[in-house]
Amino acid sequence: MRVTEKGQITIPKELRDALGIGAGTQVEFERADDTIVIRKAPGAPTRGSRIAAQLRGLGDVEMTTDEIMALTRGD
């Protein structure tokens with residue numbers, strides 16, 4: 001693997017998938033002698049929570065959760 005002129009690298013897909021690292025995931029770097037450790041930043045919002053935050057307040061249906069669940073279940 002090579003580092004680009006901008007200092008960028010690509011994290012292999014199998015590692016990203018295994019650790020849940022996607023576009024927008026915050027990471028941090030740690031140096032230990034001649035080793036660099038990359039880890040997901042603690043407390044960083046997950047992809048799901050970022051999506052939920054973007055959608056929050058956009059609904060225009062004035063139904064309770066129970067009413068919506070009854071409709072989806074066919075009750």
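How far apart are the mean positions of the positive and negative charges of the chain? The chain carries 11 positive and 12 negative charges, and their mean positions are 7 Å apart. Please keep in mind throughout this tour that the model is predicted.

**The whole chain**

Begin with the entire chain in a cartoon view. Three helices and two strands are present. Read from the N terminus, these elements follow the order α-β-β-α-α.

Next, consider the overall dimensions. The C-alpha atoms occupy a box of roughly 60 × 25 × 25 Å along the principal axes. The radius of gyration is 20 Å, whereas a compact globule of 75 residues would have a value near 11 Å.

Now display the surface. About 7,000 Å² of the chain is exposed, and carbon and sulfur atoms supply 53% of that area. Of the 75 residues, 3% count as buried. Contacts may also be examined by their separation in sequence: among those between residues at least 6 apart, 11% join residues at least 24 apart.

**The segment before α1**

Select R2, which belongs to the segment before α1. Its relative accessible area is 76%, so R2 is classed as exposed. When residues up to four places away in sequence are set aside, R2 touches Q8 and I9.

**Helix α1**

Select residues 13–19, which form helix α1, and show the side chains of K13 and D17. These two side chains form a salt bridge, with their closest N and O atoms 2.7 Å apart. In general, side chains of opposite charge can pair when their charged atoms come close.

Where do K13 and D17 stand relative to each other in the helix? They are four residues apart in helix α1, and therefore about one helical turn separates them. An α-helix has 3.6 residues a turn, so residues three or four places apart point the same way. K13 has a relative accessibility of 48% and counts as partly exposed.

**The loop between α1 and β1**

Move to G20, located in the loop between α1 and β1. G20 is partly exposed, at 47% relative accessibility. Its contacts, not counting residues up to four places away in sequence, are with T25 and K40. Add R47 to the selection: G20 and R47 are 27 residues apart along the chain, and their C-alpha atoms are separated by 8.8 Å.

**The two strands and their salt bridges**

The structure holds three salt bridges in total, and the bridge between K13 and D17 has already been visited. For another, select E28 and R39. The closest N and O atoms of this pair are 3.9 Å apart. The salt bridge links distant parts of the chain, since E28 lies in strand β1 (residues 27–32) and R39 in strand β2 (residues 35–40), 11 residues apart.

Compare the accessibility of the two partners. E28 has a relative accessible area of 31% and is partly exposed. R39, at 34%, also counts as partly exposed.

Keep R39 selected and add E30. The side chains of R39 and E30 meet in a salt bridge, at 2.9 Å from N to O. E30 is partly exposed as well, with a relative accessible area of 37%. Which residues do the shared salt bridges join into one network? The answer is E28, E30 and R39.

**The loop between β1 and β2**

Select D33, found in the loop between β1 and β2. Its backbone deserves attention: phi of D33 is near 55°, a positive value in a residue other than glycine. D33 is exposed, with a relative accessible area of 69%.

**Helix α3 and the segment after it**

Finish with helix α3, residues 65–73. Is this helix largely in the open or buried? Of its nine residues, the number buried is zero, so helix α3 lies largely in the open.

Then select G74, in the segment after α3. Just after the helix, G74 takes a positive phi of about 80°. G74 is exposed, with a relative accessible area of 64%.

As a last step, draw a distance line from G74 to R56. These residues are 18 apart in sequence, and the distance between their C-alpha atoms is 26 Å.

Note on methods:
Residues numbered from 1 in each chain as written. Predicted model: local features only at pLDDT ≥ 70, side-chain atom pairs only at ≥ 80, totals over all residues. Heavy atoms only, no water. Rg over C-alpha atoms; globule rule 2.2 N^0.38 Å. Buried < 20%, exposed > 50% of the residue type's maximum accessible area, 1.4 Å probe, protein only. Contact = heavy atoms within 4.5 Å. Areas by Shrake-Rupley, 256 points an atom, 1.4 Å probe, with all protein chains shown as cover. Lys, Arg positive; Asp, Glu negative; His and termini not counted. Charge placed at Lys NZ, Arg CZ, Asp CG, Glu CD. Salt bridge = Lys/Arg side-chain N within 4 Å of Asp/Glu carboxyl O.
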